[in-house]
Amino acid sequence: MNSTTRGTLAAVLTGVTAAMGAAATPAAAVGTVPVPVPLDGVSRSLGTEVPEAHLDLPLLTPGTPEGPRHVTGRLLPDRTVPRLPVAGALPGADLRAPLPRPLGDRSDRIGVEAPASDLRALTPGLSVDAPLTPPGPDNFGLPGPKLPEAGVLAPALRTVADADLGMRSGR
């Protein structure tokens, strides 16, 4: 291989590696899709400053539920309808609004920045048991009656939300 071919190959590999790294990092790290809200046309048509808005919409990823498990003394398995784990993010927002100064040419801006934060959740589940006991030797191998059992597995939600409210001068 001559030096021109090696240089071209090195440049192509470097570009492909950089493109793959840039494309994979935001989606894998955050789990959100950035959505800018285009308000520039409104600003130009009205001739005034309008608020700026940038949103982050979450991508929810379902996980693998824990399967039912056998419990001694019950006819139906525990966690008949298992809870489904879901991972994602809370929606994020970056909002900025102008506050005009009547005596000056510059304006203040007020803003709220709420970055997307990780979210872990479990959907509700159900655990039920039949109104019969398991067959036993005391009753000639027949099941006996008992009160039915039903329980709702509570949903769970785990996250830490964060937001900043601030004000600054100028654009």
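Is Val-112 buried, exposed or partly exposed? Val-112 is partly exposed, at 34% relative accessible area; that label covers values between buried (under 20%) and exposed (over 50%), with a 1.4 Å probe and protein chains only.

**View 1. The whole predicted chain.** This is a predicted model, where local features need pLDDT of at least 70, side-chain atom pairs count only at pLDDT 80 or more, and totals for chains, interfaces and linings use all residues. Numbering starts from 1 along each chain as its sequence is written, and side-chain values use heavy atoms, leaving out hydrogens and water. The protein chain has 2 helices and 11 strands (DSSP runs: H or I of at least four residues, E of at least two, numbered from the N terminus). Of its 171 residues, 15% count as buried.

**View 2. Val-112 and the nonpolar patch.** Val-112 sits in strand β6 and helps make a nonpolar surface patch of about 880 Å², together with residues including Val-33, Leu-57, Leu-95 and Met-167. Two or more residues each come from β1, β2, β5, β6 and β11. Patch members have over 30% relative accessible area and no salt bridge (Lys or Arg side-chain nitrogen within 4 Å of an Asp or Glu carboxyl oxygen), with nonpolar side chains (Val, Leu, Ile, Met, Phe, Trp, Tyr) joined within 5 Å and like charges within 9 Å. Areas are Shrake-Rupley values, and for residues only the protein chains shown count as cover.

**View 3. Strand β8 and its partner.** Side chains alternate along β8 (residues 125-129): Gly-125, Ser-127 and Asp-129 point to one face and are buried, while Leu-126 and Val-128 point to the other and aren't. β8 pairs with β9 (residues 149-153) in the antiparallel sense over 5 bridges; pairing takes at least two DSSP bridges. Gly-125 stands opposite Leu-153 in β9.

How values were computed. Accessible areas come from the Shrake-Rupley method with a 1.4 Å probe; for residues, only the protein chains shown count as cover.
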